[in-house]
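User: I would like to learn how to read a structure of this kind, beginning with the ligand and then moving on to individual residues. Could you take me through the features in turn?

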Amino acid sequence: MKIYDLRSDTITLQTPQMREAMYHAEVGDDVYGEDKTVNTLEAMARELSGKEDSVFVSSGCMGNLLSLMIYGGRGNEVLCSKESHIIQHEIGAVSAIANTIPITVDSVNGIIDETTLENYIRPYSYDMGKSAMIEVENTTSGLIYPLEKMQKIKAIAEKHNMKVHLDGARIFNAVVETGIPLSTWAKCADDVTFCLSKGLGCPVGSMLCGDKEFIHLARRYRKMLGGGMRQIGYLAAAGIYALNNHVERLKEDHDNCKLIKEAIESTSWARVLTYGTNILFFTSDNYDINKIVKKFNADGLLVLSECGACRVVTNIGISKQDAEEIANYIKAFDPESINE
Ligand SMILES: *Cc1c(COP(=O)(O)O)cnc(C)c1O
């Protein structure tokens with residue numbers, strides 16, 4: 001079997017057309033605001049999100065961090081799911097750098113239960129942290145937040161004078177799957193960040209969008225963190241190319257993920273735990289899932305083992321034919337072979 005990389009959508013390589021767009025980018029010193037390609041990308045993000053302003057940042061982590069620094073901060077609390085990226089995969093920057101106190105609220109597979117959300121919001125008191133913001137992740141491990149849920153969360157936040165940060169690293173997967181535009185999702189939040197470097201297939205970068213004052217501060221904190229970058233029009237050109245050409249095609253990733261999910265469901269030894277858009281998790285009740293992952297990897301199907309489950313992420317490097325071949329491999333897989 002050839003090698004299929006389903007570990008993540010961050011491993012995606014740049015297409016020749018994207019490289020071409022990067023090569024021809026007009027650049028300047030972005031710290032001086034003189035990189036025309038960056039300015040164009042930021043205008044596109046502003047337009048798409050419906051927010052007043054936008055800034056190019058090095059990563060999704062930095063987008064989240066800037067929001068936490070601005071809307072959270074010392075002695076202030078952010079309510080979020082215990083499964084959220086800011087809790088699980090950002091090395092504690094929420095507190096280590098932003099000085100924000102994370103409060104994990106009830107959630108099912110990363111989706112916050114808004115009916116209990118208000119229980120976590122503190123009244124003003126001289127001796128308690130201030131409930132400053134709510135963090136929502138959409139998609140969350142591939143699962144889409146129902147729009148009404150996000151609207152309810154925003155309404156709760158407004159009632160309590162709190163901000164909402166939308167970690168939309170994979171928001172375009174939700175956009176393509178539901179047909180609901182980014183601007184509608186973004187209305188449920190004060191600021192939103194999305195990744196160019198995942199399913200959209202860019203080498204680097206995320207956009208952070210919010211109101212003018214927020215983005216002004218974000219630019220200052222970005223510089224403070226060492227994230228003021230110079231001729232990054234080359235990277236912005238990849239972003240522009242991706243927003244123009246790689247959004248609609250995310251549907252192919254979703255179709256491919258569905259194909260693989262159905263193959264898993266057809267086996268007698270595997271069970272799907274969660275599935276949505278381009279990500280699925282499965283486990284086995286009868287066989288050691290870590291051994292299965294090891295065997296998959298040895299056979300050329302690269303996947304990750306995470307918390308007793310196998311994680312599969314479809315991406316631009318996987319064609320429909322690849323997905324069919326992967327599905328056939330899974331259907332024919334003999335779980336007894338893990339013990340060989
Ligand atoms: C990947 C991811 C991030 C961070 O993005 P990086 O560009 O890898 O820093 C943040 N939030 C979520 C939900 C993600 O999946």
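Analyst: Let us begin with the ligand, keeping in mind that this is a predicted model. An oxygen atom of the ligand lies 2.6 Å from an N or O atom in the side chain of K198, and the protein covers 84% of the 380 Å² of accessible area that the ligand has on its own.

User: Which other side chains place a polar atom by the ligand, and at what distances?

Analyst: A polar contact is read as a pair of N or O atoms within 3.5 Å. In the side chain of D167, an N or O atom is 2.6 Å from a nitrogen atom of the ligand, while R170 has a polar side-chain atom 3.1 Å from an oxygen atom of the ligand.

User: Which residues surround the ligand, and how do they divide into nonpolar, polar and charged?

Analyst: The shell is read by listing residues with a heavy atom within 4 Å of the ligand. Here the residues around the ligand are S59, G60, C61, N64, H85, E90, E137, D167, A169, R170, C195 and K198. Sorted by character, the shell holds three nonpolar, four polar and five charged residues.

User: Which helix gives the most to that shell, and which pocket does the ligand take up?

Analyst: Helix α3, made of residues 60–71, gives the most, with three residues. As for the pocket, the ligand takes up the space of the largest one.

User: Staying with helix α3, is Y71 buried or exposed?

Analyst: The reading rests on relative accessible area, where buried means under 20% and exposed means over 50%, with partly exposed in between. Y71, which is placed in helix α3, has a relative accessible area of 11% and is therefore buried. Between the C-alpha atoms of Y71 and R271, which are 200 residues apart along the chain, the separation is 40 Å.

User: How would the same cut-offs sort E135, Q151 and K212?

Analyst: E135, which lies in strand β7 (residues 130–137), has a relative accessibility of 1%, so E135 counts as buried. Q151 belongs to helix α7, which covers residues 147–159, and Q151 is called partly exposed because its relative accessible area is 42%. K212, found in helix α10 (residues 212–224), counts as exposed because its relative accessibility is 54%.

User: How far apart in space are K212 and D53, and how far apart in sequence?

Analyst: Separation along the chain and separation in space are read as two values. K212 and D53 are 159 residues apart in sequence, and their C-alpha atoms are 5.4 Å apart in space. For E135 and N278, which are 143 residues apart along the chain, the C-alpha atoms are separated by 22 Å. Q151 and L280, with their positions 129 residues apart in sequence, are 26 Å apart from C-alpha to C-alpha.

User: Turning to the backbone, which peptide bond is cis, with omega near -5 degrees?

Analyst: For a peptide bond, the angle to look at is omega. The bond from N138 to T139 is cis, with omega near -5 degrees, and T139 is placed in the loop between β7 and α7.

User: What is the phi of N99, and what is the phi of N161?

Analyst: Here the angle is phi, read together with the residue type. N99 has a positive phi of about 60 degrees although it is not a glycine, and N161, also not a glycine, has a positive phi of about 60 degrees. N99 is found in the loop between α5 (93–96) and β4 (101–105), whereas N161 is in the loop between α7 and β8 (163–167).

User: How exposed are N99 and N161?

Analyst: With a relative accessible area of 33%, N99 is partly exposed, whereas N161 counts as exposed because its relative accessibility is 71%.

Conventions:
Residues numbered from 1 in each chain as written. Predicted model: local features only at pLDDT ≥ 70, side-chain atom pairs only at ≥ 80, totals over all residues. Heavy atoms only, no water. Helix = DSSP H or I, 4+ residues; strand = E, 2+ residues; numbered from the N terminus. Buried < 20%, exposed > 50% of the residue type's maximum accessible area, 1.4 Å probe, protein only. Polar contact = N/O pair within 3.5 Å; in protein donor to acceptor, adjacent residues only side chain to side chain. Areas by Shrake-Rupley, 256 points an atom, 1.4 Å probe, with all protein chains shown as cover. 1 Å grid on protein atoms, 1.4 Å probe; cavity = no way out; pocket = protein on both sides within 12 Å on 5 of 7 lines; lining within 4 Å. Sits in = over half its atoms within 2 Å of the grid points. Nonpolar A, V, L, I, M, F, W, Y, C, P; charged D, E, K, R; others polar.
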